[in-house]
Amino acid sequence: MDVQTIYLTCIIGGILLLLSSIVFSAAGDFFDFGDIELFSVDIGDFDIDILPVSMKSLCLAATVFGSVSMLLIGQTASLRHVIAGVCAYAGAFAVQNITGFLKNHQSEADTIESICSRNYIVNIAIPEKGYGSVASSEQDRSVITMTARTVDGSAVSAGTRVQIVSITDHVANVMKAAEEA
């Protein structure tokens, strides 16, 4: 078996595994099992994984390694593999950390009931018979911001606590919270 066949196998294998995660939704769990944080550095709100070992990052690394190696086929094997390895690591590092960041900052609200049950504060004043904006408060990781109007058409100033009564056409219908009323 020659080196081009090995590189082509890396490319095709990485692409097929990533495509299977898209085509087969059951494979999504398989691709998430390997999120291992061996060497992780916490910098404020960011967790940076120095050693990316998730299935998605490993598939990308294999694809990048094979592709870069094929592009550098005219170079010596050691130079080709060092450059391909650095590129593969950089790609895997980026995928691991970007997907980790997105997972940590995704909304925790998955139903209308969970959205409506939160505590909200008016962050852009709602004028009489007009629209403003509300943002959820007192949440650990996710904040929901929505366009809002009052149920009775009254004006509400910024900083006022409100509760969502209903959501119609992506607009929160709110009323002042019990302690504010």
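User: What is the relative accessibility of lysine 129?
Analyst: This is a predicted model, where local features need pLDDT of at least 70, side-chain atom pairs count only at pLDDT 80 or more, and totals for chains, interfaces and linings use all residues. Residues are numbered from 1 along each chain as its sequence is written, and side-chain values use heavy atoms, without hydrogens and water. Lysine 129 is found in the loop between S3 and S4. It counts as exposed (over 50% relative accessible area; buried is under 20%, partly exposed in between, with a 1.4 Å probe and protein chains only), because its relative accessibility is 72%.

User: Which residue in the loop between strand S6 and S7 is it that has a positive phi near 65 degrees?
Analyst: The loop in question follows strand S6 (161-168) and leads to S7. The residue counts as exposed because its relative accessibility is 71%. Phi is near 65 degrees, a positive value in a residue other than glycine, and the residue is histidine 170.

User: How many helices and strands does the protein chain have?
Analyst: Helices (H or I, at least four residues) and strands (E, at least two) are DSSP runs, numbered from the N terminus. Along the sequence the pattern reads α-α-β-β-α-α-α-β-β-β-β-β. The count is five helices and seven strands.

User: In what order do the five strands of the closed barrel run?
Analyst: Strands pair if DSSP finds at least two bridges between them. The pairing in this barrel is mixed, and the order is S3-S4-S5-S7-S6.

User: How many bridges join strand S5 to strand S7?
Analyst: Strand S5 covers residues 145-150 and strand S7 covers residues 171-176, and the two run parallel. At one position, threonine 150 stands opposite valine 174 in S7. The number of bridges joining S5 to S7 is three.

User: Does serine 69 count as buried or exposed?
Analyst: Serine 69 lies in helix H3, residues 55-71. Contact means heavy atoms within 4.5 Å, and beyond residues up to four places away in sequence, serine 69 touches Tyr7, Arg80, His81 and Ala84. Its relative accessibility is 0%, so serine 69 counts as buried.

User: How far apart in space are alanine 125 and serine 157, C-alpha to C-alpha?
Analyst: Alanine 125 sits in the loop between strand S3 (119-124) and strand S4 (132-137). Outside its neighbours within four places in sequence, alanine 125 is in contact with Tyr131, Gly132, Val156, Ser157 and Ala158. Alanine 125 is partly exposed because its relative accessible area is 39%. In sequence, alanine 125 and serine 157 are 32 residues apart, while in space the distance is 4.6 Å.

User: What is the relative accessibility of leucine 8?
Analyst: Leucine 8 has its place in helix H1, residues 3-23. Together with Ile12, Ile15, Leu16 and Leu19, Leu8 makes a nonpolar surface patch of about 430 Å². Leucine 8 counts as partly exposed, because its relative accessibility is 42%.

User: What percentage of the 181 residues in the protein chain is buried?
Analyst: Among contacts in the protein chain with a separation of 6 or more, 48% are between residues 24 or more positions apart. Buried residues make up a share of the 181 residues that comes to 30%.

Key:
Patch = residues over 30% accessible without salt bridge, like charges linked within 9 Å, V, L, I, M, F, W, Y side chains within 5 Å. Areas by Shrake-Rupley, 256 points an atom, 1.4 Å probe, with all protein chains shown as cover. Salt bridge = Lys/Arg side-chain N within 4 Å of Asp/Glu carboxyl O.
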